[in-house]
Protein chains: 2
Amino acid sequence: MLKELADFKVGVDNVIFSVDGQLNRLFVLLVKRPKDPYQAYWSLPGTLVRKGESLETAAYRILSEKIRVSNLYLEQLYTFGGPARDPRESSDSYAVRYLSVSYFALLRYEDAKLIDNHSGLTTWYNLEKIPELAFDHREILNYGYRRLRNKLEYSPIAFEVLPEVFTLNDLYQLYCTILGENFSDYSNFRSRLLKFGFLADTGTKIYKGIGRPATLYRFDSQAFAPLKDRPLVFI
Amino acid sequence: MLKELADFKVGVDNVIFSVDGQLNRLFVLLVKRPKDPYQAYWSLPGTLVRKGESLETAAYRILSEKIRVSNLYLEQLYTFGGPARDPRESSDSYAVRYLSVSYFALLRYEDAKLIDNHSGLTTWYNLEKIPELAFDHREILNYGYRRLRNKLEYSPIAFEVLPEVFTLNDLYQLYCTILGENFSDYSNFRSRLLKFGFLADTGTKIYKGIGRPATLYRFDSQAFAPLKDRPLVFI
DNA sequence: ACAAAAGTGTTACCGTTACACCCATGC
DNA sequence: GCATGGGTGTAACGGTAACACTTTTGT
């Protein structure tokens, strides 16, 4: 029996979530495949890794080809690498294998501008209404969605997604949209977050028409440092 | 500028932890590299993925080449794939790239038998006394150790590592060894675990010499099912 | 009887939950 | 004045932490 090593091309597939805090919608970015395999199917935006390019660089490259955005969070998700996950691998198992390293990203819908959305080949899909996807992308998406919710509860990723200054309501809306309404009472969420001490009052207030003006806060990474690695819960 | 795709060989590196509940020791399995690069350095046991082989299969293959053990937990950790992480990649960046998909495994020291430990090229190293490692393996190890502690707190992985029936003390020792003494009072740990309701009293008791005999429990996956995906905490 | 190991119980404390309530603004 | 959105306060509840205590065994 031969023990030959497999040869791989490595792809990076991104699960890019965008949160619309205003209208409480959670989207994922899908692209329509222009060619076989899975021609005309929707899929996660992906690319193959080039010579001299790191995995993360490749992930950022796809993202920046599709979206212009200032604040985002991105991390590696999982690596899917079974043989025959890509039909391009011929069944005699002597062809090149395609391995997919997936990443997940989070950004705000209102801050993101789609590049080339005239063609309609790149679209935000509501998470509730995902069509059938190419390859094992549905599985990757599910995995990413689970990770997103976990990360939000236990890590300060929200502050990498929000702009420099933000209101506690902006933050709350972000959480609501992802974790679902009533994940926590607003007033309790508020006091918990403020008690941590890493949200600095900027002194300025923002007036958005009717109603009391909201205080603008800034994430103070100095003050957050000691809490790093400890089990935070933003419930 | 050329946009040529990189060609990869894919390696799997395992961070294999073993817990010695009796003597409160936590080990990681290291192997001495027989050849360049990093000849004679200690490293995580790894292998390159063969044709027709899945990543997970490769991970189990290395493991079973080194250890005979009945119960273990294994999961994918992270994929390290920057260019030049392996010196075999020549600097002109036109050579084959080496990507490492890492896995972490947990098993019990007392249940594991090392295969071929005469040569001394495969050894359990105490986590406190890790030597300099080859490649980026120190980084992988640190990552694995963090994951191990998290998993133990939030997932029922302990029950995949313990034998079919076990005492609450076996379980407690496992937790103590990994999370550190005083991670929780024994009596509190005990009542929390029993309250969950997924530990079934087998009715039998085990007599280990002096002292009151211990009740043997079995993990009841039926009873655990409804708790799945919910945020458990075994603190 | 005593030491060792297993198992039970109790209490003070602290954080969460679910509200009700007060404040500042535009119309 | 009143609707609207922002912000504060509080009291009941439930779980945790720390520790003392009881039970069952071997010698």
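This section describes a predicted model with chains A and B, beginning with the fold of one chain and proceeding to the contact between the two.

Chain A contains 6 helices and 12 strands. The C-alpha trace of this chain extends over about 70 × 40 × 35 Å along its principal axes. Of the 235 residues in chain A, 47% are buried. Among the contacts in chain A with a separation of 6 or more, 69% are between residues 24 or more positions apart.

The two chains are related by symmetry. Chain B is superposed on chain A by a rotation of 180° with 0.0 Å of shift along the axis, and the RMSD is 0.0 Å. This is the relation of a two-fold axis. Within chain B, the C-alpha nearest the axis belongs to Phe8(B), at 2.5 Å from it. Both copies use the same surface, since 100% of the contact residues of chain B recur in chain A.

The contact itself draws on 30 residues from chain B and 30 residues from chain A. The size of an interface is often expressed as the accessible area lost when the parts come together. Here, chain B and chain A bury about 2900 Å² between them, with 56% of that area on carbon and sulfur atoms. Three residues, Leu5(B), Arg50(B) and Lys51(B), supply 23% of the area that chain B buries against chain A, more than any other three residues.

Polar interactions also cross the interface. The rule finds 12 residue pairs in polar contact between chain B and chain A, both residues of each pair being at pLDDT 80 or more. On the side of chain B that touches chain A, strand E1 (8–20), strand E6 (73–80) and strand E7 (97–108) each supply at least two residues. The largest share, 4 residues, comes from E6(B). By residue class, this side of chain B divides into 15 nonpolar, 7 polar and 8 charged residues.

Salt bridges number 18 over all chains of the structure, and 2 of these are counted between chain B and chain A. In one such pair across the interface, the side chains of Lys9(A) and Asp7(B) meet with a distance of 2.5 Å from N to O. Lys9(A) belongs to strand E1 (residues 8–20) of chain A, whereas Asp7(B) lies in the segment before E1 of chain B, so the pair joins two chains. The partners fall into separate accessibility classes: Lys9(A) counts as buried because its relative accessibility is 17%, under the 20% limit, while Asp7(B), at 32%, counts as partly exposed.

Further salt bridges lie inside the individual chains. In chain B, the side chains of Glu53(B) and Arg61(B) form a salt bridge with a distance of 2.6 Å from N to O, and both Glu53(B) and Arg61(B) are buried. In chain A, a network of salt bridges links Glu53(A), Arg61(A) and Glu65(A).

Another salt bridge in chain B pairs Lys151(B) with Glu75(B), the closest N and O atoms lying 3.2 Å apart. Lys151(B) is located in helix H2 (residues 137–154) of chain B and Glu75(B) in strand E6 of chain B, so this pair ties together parts that are 76 residues apart in sequence. Lys151(B) is partly exposed, with a relative accessibility of 23%, whereas Glu75(B) is buried, with a relative accessible area of 12%. Strand E6 of chain B, in which Glu75(B) lies, is also the element that gives the largest share of the side of chain B that touches chain A.

Helix H2 of chain B also holds His137(B). This residue counts as buried because its relative accessibility is 3%, under the 20% limit. Leaving aside residues up to four places away in sequence, His137(B) touches Asp13(B), Ser43(B) and Leu44(B).

A further position in chain B is Asp170(B), which is found in helix H4 (residues 168–179). With residues up to four places away in sequence again left out, Asp170(B) touches Arg108(B), Leu162(B) and Lys208(B). The C-alpha atoms of Asp170(B) and Tyr109(B) are separated by 13 Å, and these two residues stand 61 residues apart along the chain.

How values were computed:
Residues are numbered from 1 along each chain as its sequence is written. Chains are lettered from A and ligands numbered from 1 in the order in which they are written. Side-chain values use heavy atoms; hydrogens and water are left out. Contact means heavy atoms within 4.5 Å. Buried area is the accessible area (1.4 Å probe) that two parts lose on being put together, summed over both. A salt bridge is a side-chain nitrogen of Lys or Arg within 4 Å of a carboxyl oxygen of Asp or Glu. A polar contact is a pair of N or O atoms within 3.5 Å; within protein, one must be able to donate a hydrogen and the other to accept it, and residues adjacent in sequence count only if both atoms are side-chain atoms. Ala, Val, Leu, Ile, Met, Phe, Trp, Tyr, Cys and Pro count as nonpolar, Asp, Glu, Lys and Arg as charged, and the others, Gly among them, as polar. Copies are superposed by least squares on the C-alpha atoms of residues with pLDDT of at least 70 in both. Buried means under 20% relative accessible area, exposed over 50%, partly exposed in between (1.4 Å probe, protein chains only).
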